[in-house]
Amino acid sequence: MRGTKLASNSDEKPLRKGFTTGACAQAAAKACALMLVHQRQIDSVEVELPNKERAAFALTAQEFSEDYARCAVIKDAGDDNDVTHGIEILCAIKKTDSPGIEIRGSAGVGIVTKPGLPVPVGEYAVNPAPRSMILRDVSNIVNKEYGYVVEISVPKGEAVASKTFNPRLGIKGGISIIGTTGIVEPKSQDAYRATLSMELDVAKASGNKNIFLASGYIGKRLLKEDYGIDDEAIIKIGDHVGFMLTECASRGFSRVMLIGHIGKLAKVAAGIFNTHCMFGDARMETIAAYAASCGAAPDLTEKILTLETAEQSVALLRENDLLPAFSKIAQRVVERSIEYMKSDVNLSGVILSLSGEIIGAYPADLMERKAWERFIS
């Protein structure tokens, strides 16, 4: 299987699936074992992936001797927007006198520095699924009279890692060798949501009892720069509001704060828990309704409905002494979210303008800096 197709519901060209770093490392390790045992170069290898599918991989940089073999696989991410696409995943096998098979990382593979991940602190970030596949394939090939060290390296791994979530997760010095199925689904949100969940695990394992869900960079910047919130406790969640609320509820955080721009949180107040435009848009209707509840005249509510952006409503409500409408929206965000979570989590909501000004909050005392002490302490 090379570049498998993902079905499409439109007339567009089907998207190609790709392979994980774990699948590439597995293929390179199996090829090294075959070259070491048979003492001949091979140019491609087929493996059974963790999801039981079979895939063939082309090899580069092959070399071998009586006690050593090395080769590489160039990662093909298919049509996924993956920063690791095209990087070289190298594997080397060395014969040793010590029994057993040791799998370890090397240059360009990150080292885990924070608890909460499936790899212990201090070890190379070679996750359980690819580790299991490598151990299975190599042990089925090599001569059990000897021991073997399987070493995985990624020459450009450290440079690429800065463009991934690894630094946020406490993985330093390189990328991760990951993949529970071996397949990369193009344009899938599953991997992104899984990473967000892992960020919560890392935050909890690091001792954070309070968590801050920021819909974007405005909220994250305010939390870090104005309030000094620990970076580990801030998760930038994008559009995945509902998903992350339920993930927080299942982990038992003492307090959760949802913070973001009015354009995002107005949707949540309307019961839209994935704030991507494809799932609906009730921003202006929501703002107009709450402005009316605070005394806005009919002509003003009509004007709000004609605005092109939620940000434009901030100046309009300020001019008409109607900013309390945003705190009412924040209250509805919290009420809707608690209903969605089916949990009694201590939840707060903070609404921002594009400048980072707090324009609404629930509880309302969060409009004042001193009320934030219960979160910061």
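The exercises below, each with a worked solution, treat the sheets, the helix packing and the hollow spaces of one predicted model. Because the model is predicted, local features need pLDDT of at least 70 and side-chain atom pairs count only at pLDDT 80 or more, whereas totals for chains, interfaces and linings use all residues. Residues are numbered from 1 along each chain as its sequence is written, and side-chain values use heavy atoms, with hydrogens and water left out.

**Exercise 1.** Work out the strand order of the open sheet that contains β8 and β12, and find which strands stand at its edges.

*Solution.* Start with the terms: helices (H or I, at least four residues) and strands (E, at least two) are DSSP runs numbered from the N terminus, and two strands pair if DSSP finds at least two bridges between them. With these, the 5 strands follow the order β6-β7-β8-β12-β9, and their pairing is mixed. Next, look at the ends of that order: β6 (60-64) and β9 (101-105) each have a single partner strand, so one side of each is left without a neighbour in the sheet. Then take one pair from the middle, β8 (residues 88-96) and β12 (residues 147-153), which are joined in the antiparallel sense over 7 bridges; here C91 has I152 in β12 as its bridge partner. Finally, add the helix α1 (residues 21-38), which packs on the sheet and touches β6, β7 (68-74), β8 and β12 (contact means heavy atoms within 4.5 Å).

**Exercise 2.** Repeat the analysis for the open sheet that contains β16 and β18, and name the helices that lie across its strands.

*Solution.* The order of these 5 strands is β17-β16-β18-β19-β20, again with mixed pairing. The edge strands are β17 (234-236) and β20 (358-362), each with a single partner strand, so one side of each lacks a neighbour in the sheet. Within the sheet, β16 (residues 210-214) and β18 (residues 255-261) pair in the parallel sense over 5 bridges, and F212 has M257 in β18 as its bridge partner. Two helices complete the picture: α5 lies across β16 and β17, while α12 lies across β18, β19 (346-352) and β20.

**Exercise 3.** Describe how helices α9 and α12 pack against each other.

*Solution.* Two packed helices are described by the angle between their axes and the distance between those axes. Axes are lines fitted to C-alpha atoms, for helices over the stretch in contact, and angles run from 0 to 180 degrees between N-to-C directions. For α9 (residues 283-293) and α12 (residues 324-341) the angle is about 115°, and the axes are 9 Å apart. As for the residues, T286, I287, Y290, A291 and S293 in α9 meet A325, F326, K328, I329 and R332 in α12.

**Exercise 4.** Compare what lines the largest pocket with what lines the largest cavity.

*Solution.* On a 1 Å grid over the protein atoms alone, a cavity is a set of points where a 1.4 Å probe fits but cannot get out, and a pocket is an open set with protein on both sides within 12 Å along at least five of seven lines; lining residues have an atom within 4 Å of a point. The largest pocket is lined by 42 residues, and D82, I178, A191, Y192 and T195 lie nearest its centre. To this lining α5 gives the most, with 6 residues. The largest cavity is lined by R168, E199, V202, A203, E232 and I235, and to its lining, too, α5 gives the most, with 3 residues.
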